[in-house]
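Q: Please take a close look at one strand of this structure, together with its partners. Then set that strand beside a helix and the hollow spaces elsewhere in the chain.

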Amino acid sequence: MSALANHAFAKMNGIGNEIVVVDLRDSQGQGRAQVSPEEARAVASPAGAPYDQLMVLQPPRLDGTEAYITIYNNDGSEAGACGNGMRCVVRRIFEKTGQTTATFQTRAGLLNCWQGPAPDLYTVDMGAPKFGWQDIPLAEEFRDTRYIELQVGPIDNPVLHSPSVVSMGNPHAVFWVDDVNAYDLERFGPLLENHPIFPERANITLAHIVDRDHITIRTWERGAGPTRACGSAACATAVAAARLKRVNRIVEITLPGGKLGIEWRERDDHVLMTGTADFEYEGRFDPALFASVA
C-alpha cells in the first residue's frame, strides 16, 4: 500500500504557489517514507490535492537537520529547490514546535530557515547560486552565462533573446523584457523549458527591471507550467540582475501572486528569500487515489 494512503496533508500556498506538505518522518522504515513519481502525479489529480509542488518530509539523514525533503513537481518529476514550498514547511514546523530556526536537507543541499522580521514572514537561505555552464547545466559551453545565445522568433527580429542563466539548485533562464505581460508565456514556456540547450529542462522567467530596488517577473515553472509564484526564480532573477550591475543586492521581486524580498548576501554570496506562507486546509489522502499505482 502507498505510504500516502489515508495519510494527513496540509494544503498551503506561498504567494500563490500551490503547495502540499506531507510529513512522513514517522513512517516505519526508510522505504515507507518514499513517494514514487506515479504517487506524486496521483496527488496532483483533481481527485487529490492539486499542487504546483509537493513537499515530502522524510526522516533526517544528517544530524542537526529536521528532515530530508523531497520536492515533486505536479508532473511527478523531482525539483531540486522550491523556496515558496520551503516557507510553507517552515511555517508548519514552527507552529507545531515553537521553533524559530531550523535546517533541512534537500537534493540541492542544506537550507537554513528562520522566522522573518515579522510574525507572518519566513526567511529561507537558498544557498549560493552557480553560474558555470556545466553546473546549471547547459548542453554546450558558454564562458559568460550573464547572457547566452538563445532566441525565440526570426533571427533578425527575435521575440525573446539573450537570457541570463543561473542555477539555484535548479536551472533558470531569465529573459529581460520591458513588459512581462506582453508575451504569450504559455506558448513560449514549454518550448524553452524543453529546449535542447537545457539537458535537465529549465525554469523560464520574463523579468522587467523597474528600478535598482524592484523587479517584476512571470515564470513558466519546469515540470509545473505557469505559476503565480516561483521562489527560486525570484532568487535567480535577483542574482542575474545584480551580476549585470542593474540592481542592488537587496531587491523586491513582484510576482503575479505577491512580493518577495531577496538579498544576495555579500559576505558569502548566499541568497536569502523572505515572504509569507498561507495555510489553506488539512485533509487525508483517499486510498483509492493510489489503487492503480504499483
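A: The account below begins with the strand, turns to the helix and ends with the hollow spaces.

This is a predicted model, in which local features need pLDDT of at least 70 and side-chain atom pairs count only at pLDDT 80 or more, while totals for chains, interfaces and linings use all residues. Residues are numbered from 1 along each chain as its sequence is written, and side-chain values use heavy atoms, with hydrogens and water left out.

The strand is β18, residues 271-275. Strands (E, at least two residues) and helices (H or I, at least four) are DSSP runs, numbered from the N terminus. β18 is mostly covered, for five of its five residues are buried; buried means under 20% relative accessible area, exposed over 50%, and partly exposed in between, with a 1.4 Å probe and protein chains only. Val271, Met273 and Gly275 point one way from the strand, whereas Leu272 and Thr274 point the other way, and all are buried.

Two strands pair if DSSP finds at least two bridges between them. β18 runs antiparallel to β8 (residues 122-125), to which four bridges join it. Among the residues involved, Thr123 has Thr274 of β18 as its bridge partner. β17 (residues 258-264) also pairs with β18 in the antiparallel sense, again over four bridges, and here Ile262 has Met273 as its partner. The hairpin of β17 and β18 has six residues between the strands, and within the hairpin Asp269 takes a positive phi near 65°.

The helix is α3 (residues 185-193), whose buried residues are Leu185, Phe188, Gly189, Leu192 and Glu193. These residues lie on the same side of α3 because they cover an arc of only 125° around the axis, the arc being that of the directions from the helix axis to the C-beta atoms. An α-helix has 3.6 residues a turn, so residues three or four places apart point the same way. On the face turned away from the buried side, α3 carries the exposed residues Glu186, Arg187 and Leu191. The buried residues pack against β9 (151-152), β10 (160-161), β12 (171-176), β13 (203-211) and β14 (214-221), where contact means heavy atoms within 4.5 Å.

The hollow spaces come last. On a 1 Å grid over the protein atoms alone, a cavity is a set of points where a 1.4 Å probe fits but cannot get out, and a pocket is an open set with protein on both sides within 12 Å along at least five of seven lines; lining residues have an atom within 4 Å of a point. Grid points are joined across faces, edges and corners, and a volume is the space filled by probe spheres set on the points.

There is one cavity of 30 Å³ or more, and the largest cavity holds about 60 Å³ of space. Its lining includes Gln53, Asn73, Cys82, Glu221 and Arg222. By class, that lining has four nonpolar, six polar and two charged residues; Ala, Val, Leu, Ile, Met, Phe, Trp, Tyr, Cys and Pro count as nonpolar, Asp, Glu, Lys and Arg as charged, and the others, Gly among them, as polar.

The largest pocket has a volume of about 280 Å³. Of the 19 residues that line this pocket, Ala108, Lys130, Ser167, Met168 and Gly169 are the closest to its centre. Strand β7 (residues 109-115) gives the most to the lining of the largest pocket, with three residues.
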